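Hi! Let's walk through this one together, a few questions at a time.
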Amino acid sequence: MTDFVVYNASQVATPTDESELETVRDGAVAVDDGVVVAVGSTDEVVRDYPPANATAAIDAAGKTVLPGFVDPHTHALFAGDRADEFTAKLRGATYQEILAEGGGILRTVRAVREATREQLVENLLEQLDVMLAHGTTTVEVKSGYGLDVETEVKMLEAIAEADDHHPIDVVSTFMGAHAVPKDTDADSYVDHVVEEQLPAVAERGLAEFCDVFCEAGVFSVEQSRRVLEAGQEHGLKPKIHADEFERLGGAGLAVELGAMSADHLLQSTAEDIESLRDSDVTPVLLPGTAFALATEYADASAFENADIPVAIATDFNPNCFSQSMEFAIELACNGMRMSPASAIRAATKTAAAALDRTDGTGTLQEGAPGDLVVVDVPDYEHLPYNFGVTNVETVIKCGEVVHR
Ligand code: NIG
Ligand code: FE
């Protein structure tokens with residue numbers, strides 16, 4: 001018995017090392033033991049893997065099969081509600097003004113400190129269900145709404161527990177340096193992150209990555225360097241929120257430290273882009289954030305013209321309330337003017353690179369994890385073309401149908 005076969009798809013599309021997006025018409029994919037064992041035309045694949053001999057089989061006539069989406073940047077674990085800030089922003093308040101008044105991140109911090117670990121697990125599981133329904137099979141989730149040892153650990157434990165109870169693979173990032181708490185200054189708080197929070201997190205093996213909000217009025221380049229270097233000493237790979245509102249030099253720091261990714265990059269200069277090109281840092285663009293804040297989008301074409309593959313992510317958080325990678329792909333095209341093929345590659349293979357997943361995650365190549373989505377459109381181009389609706393129909397994780 002094979003675990004899973006999807007056949008008769010009007011198109012199977014996957015990024016490969018050789019091409020941005022390789023397509024097969026009337027295609028099929030077979031998954032066994034959790035990994036892709038065959039991808040090609042329906043005739044070829046069903047000869048070796050007949051649907052009748054599969055634990056689950058889907059006739060995908062008229063539909064498209066893609067790799068499961070990888071969302072490499074979220075703050076999906078939180079408590080409380082900030083919908084009123086959304087309305088305030090529509091009336092002209094800025095993100096920074098709200099934060100300076102103790103709202104924004106600091107308001108979510110108060111709610112997360114009050115929540116129990118069980119409530120946090122519940123909250124995250126609910127959000128993961130929505131993500132899954134929109135095709136996400138791997139997601140990164142950051143801490144950073146605790147800003148003290150106890151709550152940062154509580155968040156990361158909740159992330160690990162939600163991962164154990166949900167089909168989506170959840171990758172965890174420690175982001176104690178997400179904001180400066182009200183009662184302290186940035187330098188003293190960085191001391192606390194480096195001397196107290198990081199050792200507590202590392203000792204418990206709770207995070208794979210370490211991230212910092214390198215931004216004017218939050219953490220300087222020097223403070224960010226301290227946090228990320230200390231993280232590296234504890235075996236946590238660096239990521240960075242860089243050059244979102246002001247160009248402080250976060251992209252340069254990412255290159256200097258060999259970070260896995262540099263994210264946002266709205267204000268990056270030609271010089272930043274050149275230095276990213278000569279590095280292994282994956283740029284992660286977050287079109288949903290620009291959409292939510294009604295600011296300009298990151299300049300995706302500047303990266304593409306420099307031949308730098310970019311990833312995209314939802315940045316799902318109380319300030320950017322969208323769990324959907326379908327929507328991120330739609331915005332990458334309709335907002336950042338990326339082509340459908342490059343947006344889908346950015347949401348799959350390159351997104352996996354931003355999370356250091358080198359096992360074929362984000363592709364449908366033989367040997368890759370059996371994570372795929374069946375989308376109710378005749379070819380991949382129709383996915384961003386038909387925006388604002390749910391096109392994802394069925395989601396398969398490790399060869400198991402986990403959403404339909
Ligand atoms: O990536 N920039 C910092 N962090 C988030 C916002 C988090 C929040 O507002 O709660 C971001 O946009
Ligand atoms: Fe973020």
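A residue counts as near a molecule if its C-beta atom, placed from the backbone, lies within 6 Å of it. This is a predicted model, where local features need pLDDT of at least 70, side-chain atom pairs count only at pLDDT 80 or more, and totals for chains, interfaces and linings use all residues. Residues are numbered from 1 along each chain as its sequence is written, with chains lettered from A and ligands numbered from 1 in the order in which they are written.

Q: How many residues of the shell around ligand 1 are charged?
A: The residues surrounding ligand 1 include His 75, Phe 213, His 241, Asp 315 and Asn 317. Asp, Glu, Lys and Arg count as charged, Ala, Val, Leu, Ile, Met, Phe, Trp, Tyr, Cys and Pro as nonpolar, and the others, Gly among them, as polar. On that split the shell has 4 nonpolar residues, 7 polar and, for charged, 1.

Q: Which residues does the UniProt annotation "binding site" cover, and where do they gather?
A: The annotation comes from an unreviewed UniProt entry, and such annotations may be inferred rather than shown by experiment. It covers His 73, His 75, His 241 and Asp 315. They span 243 residues in sequence, yet no two of their C-alpha atoms are more than 12.2 Å apart, so they gather at one spot.

Q: In which strand does His 241 lie?
A: Strands (E, at least two residues) are DSSP runs, numbered from the N terminus. His 241 belongs to the one at residues 237–242, strand E10.

Terms used:
Helices (H or I, at least four residues) and strands (E, at least two) are DSSP runs, numbered from the N terminus.
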